[in-house]
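Here is a short tour of the structure shown below. Have the sequence and the 3D view side by side as you read.

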Amino acid sequence: MKKTKNILMAEYVISVIISLTIVILFETDLFADLKGLYTGFRQEEFIWLFVMELITVSVIPLSLKIMKIKRVKSYLTKDSALAPEHLLKIGSFRILLLTLPMLANVLLYYLYWQTTFGYMAIILFFCLFFIYPSSGRCESETATEN
């Protein structure tokens, strides 16, 4: 279980570091040529905004409640020998549900210079605190209920 927790933690931390690196690179003007590159493209901006709002609104409840779904819970608890492997699959999926849209929103914020993308990235970042892969959480999500 410790190996699974460490892998999930690495995925969690690396995705946050990548997002922060993108922010630092744009804010220090190392990518000054790309900042606001697509500011005048209103139709494409609207489409991206609509798609990312839809994705953000749908992945947050799914990622927060995925471990409570009966089929997922039975998948995690049916075989205690395979529980760490199952937790790794579902946990990685759960982390990716939040971090991939967060990365996309960070990039789109700087490319379109639209604050809505930034707000969605911040909301997804704060949602990451609710799925933090601690040892206690890993144990409780794979434990069978009495």
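Arg 42 has a relative accessibility of 56%, so Arg 42 counts as exposed, the cut-off for that class being over 50%. This is a predicted model, so please read every value here as computed from predicted coordinates.

Which residue does the side chain of Arg 42 meet in a salt bridge? The partner is Glu 45, with an N to O distance of 3.1 Å. Glu 45 has a relative accessibility of 5% and therefore counts as buried, since buried means under 20%. The pair thus joins an exposed residue, Arg 42, to a buried one, Glu 45.

| Residue | Relative accessibility | Class |
|---|---|---|
| Arg 42 | 56% | exposed |
| Glu 45 | 5% | buried |

Both residues belong to helix 2, which spans residues 42-65. They sit 3 residues apart, about one turn of the helix. A search of the whole structure finds 1 salt bridge.

Now for the chain around this pair. The protein chain holds 6 helices and 0 strands, giving the pattern α-α-α-α-α-α along the sequence. Its C-alpha atoms fill a box of roughly 60 × 30 × 20 Å along the principal axes. Of the 146 residues in the protein chain, 39% are buried. Considering contacts between residues at least 6 apart in sequence, 79% join residues at least 24 apart.

On the outside, the protein chain exposes about 8,900 Å², with carbon and sulfur atoms supplying 68% of that area. The chain carries 14 positive and 12 negative charges, and the mean positions of the two sets are 11 Å apart.

Definitions and conventions. Residues are numbered from 1 along each chain as its sequence is written. This is a predicted model: local features need pLDDT of at least 70, side-chain atom pairs count only at pLDDT 80 or more; totals for chains, interfaces and linings use all residues. Side-chain values use heavy atoms; hydrogens and water are left out. Helices (H or I, at least four residues) and strands (E, at least two) are DSSP runs, numbered from the N terminus. Buried means under 20% relative accessible area, exposed over 50%, partly exposed in between (1.4 Å probe, protein chains only). Contact means heavy atoms within 4.5 Å. Accessible areas come from the Shrake-Rupley method with a 1.4 Å probe; for residues, only the protein chains shown count as cover. Lys and Arg count as positive and Asp and Glu as negative; His and the chain ends are not counted. The place of a charge is taken as NZ of Lys, CZ of Arg, CG of Asp or CD of Glu. A salt bridge is a side-chain nitrogen of Lys or Arg within 4 Å of a carboxyl oxygen of Asp or Glu.
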